[in-house]
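Thank you all for making the time this morning. I would like to walk through one chain with you, and I will try to give the criterion behind each term as I reach it.

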Amino acid sequence: EDETMNKNTKIQDVVLTGMMAALVFVGTYFLKVPTPTGYTHLGDCIIIATVCLFGTKKGVLAGSIGAGLSDLLGGYMIWVVPTILIKGLMAFVMGTVAYKLLPKVKFNWLIGAVAGGIVHTAGYTIANIVFYGLKSALVEMGINAMQTVCGIVFGAILYSVLRAVPVFKNMNASVKA
């Protein structure tokens with residue numbers, strides 16, 4: 001019985017991570033606005049909600065896969081690897097700060113999201129310097145910072161709504177790893 005339960009949990013984890021990666025893809029690919037060196041989007045709010053609802057590991061995987069796939073299928077080939085690394089690192093920092101470093105602090109998820117957002121903005125700024133130079137990177141830095149702020153705000157709203165849904169509430173209790 002334990003083996004069946006363990007197998008079902010693993011299947012549930014894969015399905016849940018895949019579903020969240022698909023939602024990150026949709027939020028990134030379809031809800032985007034072009035910018036001088038790429039685009040800004042609403043996929044980050046889904047990454048943030050995923051870390052809040054299902055933990056660091058699922059947030060890292062969903063963010064990396066969903067956003068990376070969006071760049072790949074959207075024709076932004078130059079951004080695929082940086083996006084996979086930056087989105088994964090953003091989710092990792094968020095989850096680590098919120099659930100490992102500050103597990104008992106009120107609004108730990110928000111502190112983690114801000115820390116992850118700083119990493120996100122810094123990561124894309126560095127990549128923009130490499131790809132397009134300092135001037136373009138500085139323009140995009142403001143855009144990336146706004147994307148991060150919107151991601152945190154909309155992620156908080158999405159998290160608040162989804163955590164009230166019974167199926168998510170039941171899963172939420174044991175996933176903050």
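I will start with the overall fold, then turn to the core, the salt bridges, the surface patch and a few single residues.

Please keep in mind that this is a predicted model, in which local features need pLDDT of at least 70 and side-chain atom pairs count only at pLDDT 80 or more, whereas totals for chains, interfaces and linings use all residues. Residues are numbered from 1 along each chain as its sequence is written, and side-chain values use heavy atoms, with hydrogens and water left out.

The chain has seven helices and two strands, where helices (H or I, at least four residues) and strands (E, at least two) are DSSP runs numbered from the N terminus. Read along the sequence, these elements follow the pattern α-β-β-α-α-α-α-α-α. The C-alpha atoms fill a box of roughly 60 × 35 × 25 Å along the principal axes. The radius of gyration, taken over C-alpha atoms, can be set against a globule rule of 2.2 Å times the number of residues to the power 0.38; for 177 residues that rule puts a compact globule near 16 Å, and the chain, with 16 Å, agrees. If we define contact as heavy atoms within 4.5 Å, then among contacts with a separation of 6 or more, 67% are between residues 24 or more positions apart.

Let me move to burial, for which I use relative accessible area: buried is under 20%, exposed is over 50%, and partly exposed is in between, with a 1.4 Å probe and protein chains only. On that scale, 46% of the 177 residues count as buried. The areas themselves come from the Shrake-Rupley method with a 1.4 Å probe, and for residues only the protein chains shown count as cover. The chain exposes about 9300 Å², of which carbon and sulfur atoms supply 74%.

What, then, are the residues with the most contacts inside the largest nonpolar core? A nonpolar core here is a set of buried Ala, Val, Leu, Ile, Met, Phe, Trp, Tyr and Cys residues joined through side-chain atoms within 4.5 Å. The largest has 27 residues, and those with the most contacts inside it are Val 24, Ile 48, Cys 52, Phe 54, Met 94 and Tyr 99. At least two residues of this core come from each of helix 1 (2-29), helix 2 (43-54), helix 3 (56-74), helix 4 (80-101), helix 5 (108-132) and helix 6, and the largest share, nine residues, is from helix 2. As general background, nonpolar side chains in soluble globular proteins tend to be buried together.

Next come the salt bridges, meaning a side-chain nitrogen of Lys or Arg within 4 Å of a carboxyl oxygen of Asp or Glu. A search of the whole structure finds two. In one of them, Lys 58 pairs with Asp 13, and their closest N and O atoms are 3.2 Å apart. That pair links distant parts of the chain, since Lys 58 is in helix 3 and Asp 13 in helix 1, 45 residues apart. Lys 58 is buried because its relative accessible area is 12%, whereas Asp 13, at 29%, counts as partly exposed. The other salt bridge joins the side chains of Lys 87 and Asp 44 at 2.6 Å, N to O. Here too distant parts of the chain are linked, with Lys 87 in helix 4 and Asp 44 in helix 2, 43 residues apart, and both residues are buried.

On the surface there is a nonpolar patch of about 780 Å², whose members include Val 26, Phe 30, Leu 42, Val 149 and Ile 157. Patches are made of residues with over 30% relative accessible area and no salt bridge, with like charges joined within 9 Å and nonpolar side chains (Val, Leu, Ile, Met, Phe, Trp, Tyr) within 5 Å. Helix 6 (residues 134-163) gives the most to this patch, with five residues. Val 149 is in helix 6, and at 44% relative accessibility it counts as partly exposed.

Finally, two phenylalanines. Phe 92 lies in helix 4, is partly exposed at 44% and, leaving aside neighbours within four places in sequence, is in contact with Thr 56 and Val 60. Phe 107 lies in the loop between helix 4 and helix 5, and its phi is near 60°, a positive value in a residue other than glycine.
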